[in-house]
Number of protein chains: 2
Amino acid sequence: MRKGNKMIERLRGFRDFYPEDQEIRRNLFRTMEETCREFGFKEVDGPSLESIELYAHKSGEEIMSQMFSFKDKGGRDITLVPEFTPTLSRMVSSRKDLVKPMKWYSIAKYWRYEEPQSGRFREFYQLNADILGSESVLADSEIVSLSAEILRKLGVGEKIKLKINSRILLDAIIDKFVNEKRREVYYILDRWNKLESNNRDDLINTQGLDKNIINAIASGRIIKEFDHKELDRLNSILDYVKSYSNVSIDVDLKIVRGLDYYTGFVFESWDKEEKFRAILGGGRYDNIIEQLGGEHTPAVGFGFGDAVIENIMKMEGLWKLEKEKSVFIVQIDTTGREYSKDVARRLRDKGINVDLNVMDRGISKQLDYAAKMGYEFSVILGENEAKKGTITVKNMSTGEQSEMSIDEIENIWKPNIN
Amino acid sequence: MRKGNKMIERLRGFRDFYPEDQEIRRNLFRTMEETCREFGFKEVDGPSLESIELYAHKSGEEIMSQMFSFKDKGGRDITLVPEFTPTLSRMVSSRKDLVKPMKWYSIAKYWRYEEPQSGRFREFYQLNADILGSESVLADSEIVSLSAEILRKLGVGEKIKLKINSRILLDAIIDKFVNEKRREVYYILDRWNKLESNNRDDLINTQGLDKNIINAIASGRIIKEFDHKELDRLNSILDYVKSYSNVSIDVDLKIVRGLDYYTGFVFESWDKEEKFRAILGGGRYDNIIEQLGGEHTPAVGFGFGDAVIENIMKMEGLWKLEKEKSVFIVQIDTTGREYSKDVARRLRDKGINVDLNVMDRGISKQLDYAAKMGYEFSVILGENEAKKGTITVKNMSTGEQSEMSIDEIENIWKPNIN
């Protein structure tokens, strides 16, 4: 875009969504929303700007370094929100009258100043779903089931897998078999799948760790030699989710999650071949709300961004428009133009999406427009139709036209049973 | 919220939305969205951050001075978007392949650093609906009809009025009767209803204007002595909208709109008693897209914020939850707990919102929770129900309980015909 000789462009890492894309994203968000509601979750919404303080010591160094932060005109140090959990925790801790547990969801934008790449933008949407006020394994199980059910409804249920873990379990394993080097083991596990096997070995050596033990952790073999109540808890989640969802789910000790605030259970969902990043991830954060001055409120939840799922749905041929009942009204003459208003209102009252000509142009140009816009049917209105109170419907692919009453229009969407 | 001894608070002028509010706002946005779609509008979405340049000379001085602007880590001068039109214009001007006219809508957040007060926040949602690529009066008429139809669906159709005007008409009137002092007349008309009548007179004097003529403009009397094709155009919009919507609508020469980019037709909607600010406002902006380097694209649209309509709906007693089919599942014992998973899945498949106990607590506490959360019905599950494959439904207001098959649950929402 030029201004004089200068272009005014969209910022790097940001996206414009034109209807051909946005109409599909709408269905993605709609599915997320409907599934959350079916699971009894209620919607909440928070500010897109918060005090920087809210993130100190809670979001981890990586996120802190990636914030769009600045001083506002009042001199406050503020930031565009990089994630929802701190806001959610602030909202919970600032009210004493909330009936617990709360099951809350939110679909909103978040911002991180990082290098744009496939599946990662500086501005993105994320669904957050959280159960606040329950420490029960049932809450963990419902949260994971909800995430699995959204993926199933999006049509990718058989293309994805869920990986669950517990930091409590992993810490116990490290304490028993490795001793003291929690940070180093987390660091290696977190990068495991991104590293070549000899780079892994180098890293294990450099950190002064035992290769056999680290491999046994990464592969999960070590679990067979270990007994811990947190493992029973993970198995109970596995049973629940499997019987609810028929989804692929397993314990994976390599899932540690980057955020500092997780206190136990963590999980992620990936495409089965791991071509892409994690689709969604979350876990239990039992301490943040108390740390922010609220009552002790154990919590579990996940974040589910819009970018990776879009890549996966595109790969699977699922990123496409859902058909809606819609027509375009063509006006033949001034009587038809006048009549089109009444027809439009009556069709819209039936829940049909009605686009009508708003240009000073002839019939063939109006029909051209309807075809280019992909309308399956045009409704043609002129003096004839106005007099009789009828409409003429043109099937845009066959060219067939038929005159009918307004109420008969529903029939055009019925499957043809010839 | 405390952190040590220090509170971390929400920023001034920003809002947290807990479910009791957010669930109602959701219906507001849903109504906006559905009505736009019935009018054949498609959804678009743009970034929340843009280069500051995009607003220079286009948004008017007032908005420029109220932006949340800053330098990002790459040294770019950027701002949180204060309105949608510049982004929309950038999106249109940067693509040559769009089929015109486009009918686009978007519901998104905008930010302005101004003094928070009733109906005005530093962060707000706004619906934008625009027709791009048509200079026809039909486009103006559809845009106004769409705004009226949303208000009707929200239940306030009879509580509001629409005021339309044209800057072309007003300029012609000023040129003929006042001469040269366009800016001064706009200034007075824009503040007319906020000023006491003697303050108005003072202002008219100070600006060296003729009181009788200015009064004749403000009251609309002057139109009777005037003939102009733009007046015919306004009358044509009046006719169209009245026959479509049965809404109160009239020409009001005092409607001038603050934004610099309007080129002709402008309109606003107000509550009839004008207790609040304008609910929505918009008009024709035929030049911006070309100014940004795009093709000549006449355009018309409006912005409809979330704050004033909330005030009006609250005053009218319309700010309340819509009922959905939802139940809470109470688990009597471990068999019931296991069984509740299957029941939840089957009820959710029917589109019923199912909340289920995720706490380690007894029956009476679970029922307490269901009552506090406002559930009309609880579904009680134990060994008895699991064995027989039934459910026991408790009406939370009457206390009545009855055992039934899962499929029979639909009956509990049928009107009681005793």
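Colleague: In this predicted model, at what angle do helix α4 of chain B and helix α9 of chain B pack, and how far apart are their axes?

Modeller: Helix α4 (residues 137–153) of chain B packs against helix α9 (residues 229–245) of chain B at an angle of about 40°, and their axes are 9 Å apart.

Colleague: Why are α4(B) and α9(B) called oblique to each other?

Modeller: Angles under 35 degrees would count as roughly parallel and those from 65 to 115 as roughly perpendicular; the angle here is about 40°, which belongs to neither range, and the two helices are therefore oblique to each other. Their crossing is right-handed.

Colleague: Which residues make the contact, and how do they divide by class?

Modeller: On α4(B) they include B:Val137, B:Leu138, B:Val144 and B:Ala148, and on α9(B) they include B:Ile237, B:Tyr240, B:Val241 and B:Tyr244. By class, the contact has 8 nonpolar, 4 polar and 4 charged residues.

Colleague: What makes β15 and β18 of chain B the edge strands of the open sheet?

Modeller: The 5 strands have the order β15-β14-β16-β17-β18 (chain B), with mixed pairing, and β15 (353–356) and β18 (401–405) each pair on one side only.

Colleague: How do you know that β17(B) and β18(B) count as paired, and in which sense do they run?

Modeller: Pairing needs at least two bridges, and strand β17 (residues 390–395) of chain B shares 5 bridges with β18(B), in the antiparallel sense; B:Val393 stands opposite B:Ser402 in β18(B).

Colleague: Which strands does helix α12 of chain B touch, and how is the helix directed?

Modeller: Helix α12 (residues 334–349) of chain B touches β14, β15, β16 and β17 of chain B, and its direction makes about 165° with that of β14(B).

Methods:
Residues numbered from 1 in each chain as written. Chains lettered and ligands numbered in written order. Predicted model: local features only at pLDDT ≥ 70, side-chain atom pairs only at ≥ 80, totals over all residues. Heavy atoms only, no water. Axes fitted to C-alpha atoms, helices over the stretch in contact; angles between N-to-C directions. Helix = DSSP H or I, 4+ residues; strand = E, 2+ residues; numbered from the N terminus. Parallel < 35°, antiparallel > 145°, perpendicular 65-115°, else oblique. Left-handed = near helix turned anticlockwise from the far one by under 90°. Contact = heavy atoms within 4.5 Å. Nonpolar A, V, L, I, M, F, W, Y, C, P; charged D, E, K, R; others polar.
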